[in-house]
Amino acid sequence: MGLPRLGGQGGKGGDVWVVSKKEITLKRIKDKYPSKRFVAGVGCNSSVRALKGEKGEDKFIFAPAGITVTTDDGKVLGELNLEADKVLVARGGQGGSYHSGFQPTKGKARHIRLDLKLIADLGLVGFPNAGKSSLLAALSHAKPQIANYAFTTVRPEIGKIMYEDHKQISVADLPGLIEGAHLNKGMGHKFLKHVERTRQLLFVVDVCGFQLASKTPHRSAFEAIQLLTKELELYKEELLSKPALLVVNKMDLPDAEDKLAELQEQLQNPDVFAHLLPEDMIPKNNMQFTHVVPLSAETGFGIDRLKTCIRQSQEEGADVESEVLLHEKLQALREAVRTKSTMPTWGAAPSP
């Protein structure tokens, strides 16, 4: 609090920040702080020796990069995309002063959520049993659970593609989508929120199509691509602007070559074959793939070519991101210069 007889001002309370840091996981935060309560330091009182009290110590909550910080009602407070990024989540109260009757004001208290979304450079998108886990195992040293039934993957599995020049690209095997995922069916939103924070998408389809259950219709590879596109579109249309590659898996199966030729024709003329799906399942815009790679995760056929395509796509994407970032910085600089030039200079002689 303040010191009335000398007009002293109490120190401001500390702030609470969420800061991204390497080698931190959400589990580690949960284990270290079981009460999940974080309190910043109290500001020092004003005194004869120090009329302005010292500010209270800030509290830092360290979290992994790729975190979105939200309130309980879903309001986004900020994002931690890179190491050392920080978000102010609770501001400390003001110290007592003449204007407040030398009484301090209360600091902000709020409940927050840490939502981890940024998980990989590349996200595998596909319906259950398309061979995503087998593909991840073939591309990297990851050891996901693999079996011949749907929903083997129930949480993201992360692997890294290692190149001879030590370049690494992280790949996430995400839980399989089902029709209606945008309505939170199946893994629903748990899957789709991860897709938001992968830099690029890798669609994986079975060349012979798939059938989720005996009571559901059989979908061809082309129909699977269109349905996946529609699910992403209905959840968040911006996801379709991400660079995407297409893997046509299980090329070791009988009649795979004929099925591939049919799929390639359909991809070249998607509007001609739109009638294969119900009208409400046809996406507004067709997904544009930078590369289409037929392969067999089982035999290894096409894996090396896919690795080359992934790296090429990632490098092209990085160049685009750099150009966009440079453009945004230039725009911000121009805006700052424009604002500065229009600000009045107090005491200056009026222009004639």
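1. A good place to start in this predicted model is a pair of helices: α4 (residues 221-235) and α5 (residues 256-268) have axes that come within 9 Å and cross at roughly 40 degrees. The two helices are therefore oblique to each other. On the α4 side, the contact is made by A221, F222 and I225, and on the α5 side by L263, Q266 and L267. Sorted by class, the contact of α4 with α5 has five nonpolar residues, one polar residue and no charged ones.

2. Next, have a look at the open sheet, where six strands follow the order β8-β9-β7-β10-β11-β12 with mixed pairing. At its edges are β8 (157-162) and β12 (289-294), each of which pairs on one side only. If you view the sheet from the end, note the turn between neighbouring strands, which is 25 degrees on average with direction ignored.

3. Within that sheet, strands β10 (residues 198-206) and β11 (residues 244-249) run parallel and are joined by six bridges. To find your place here, look for L202, which stands opposite L245 in β11. As a reminder, strands of a sheet pair through backbone hydrogen bonds, either parallel or antiparallel.

4. Finally, step back to the whole protein, whose secondary structure comes to six helices and 12 strands. Of its 352 residues, 43% count as buried. Among contacts with a separation of 6 or more, 68% are between residues 24 or more positions apart. The protein exposes about 20,800 Å², and carbon and sulfur atoms supply 53% of that area.

Key. Residues numbered from 1 in each chain as written. Predicted model: local features only at pLDDT ≥ 70, side-chain atom pairs only at ≥ 80, totals over all residues. Heavy atoms only, no water. Axes fitted to C-alpha atoms, helices over the stretch in contact; angles between N-to-C directions. Helix = DSSP H or I, 4+ residues; strand = E, 2+ residues; numbered from the N terminus. Parallel < 35°, antiparallel > 145°, perpendicular 65-115°, else oblique. Contact = heavy atoms within 4.5 Å. Nonpolar A, V, L, I, M, F, W, Y, C, P; charged D, E, K, R; others polar. Pairing = 2+ DSSP bridges. Buried < 20%, exposed > 50% of the residue type's maximum accessible area, 1.4 Å probe, protein only. Areas by Shrake-Rupley, 256 points an atom, 1.4 Å probe, with all protein chains shown as cover.
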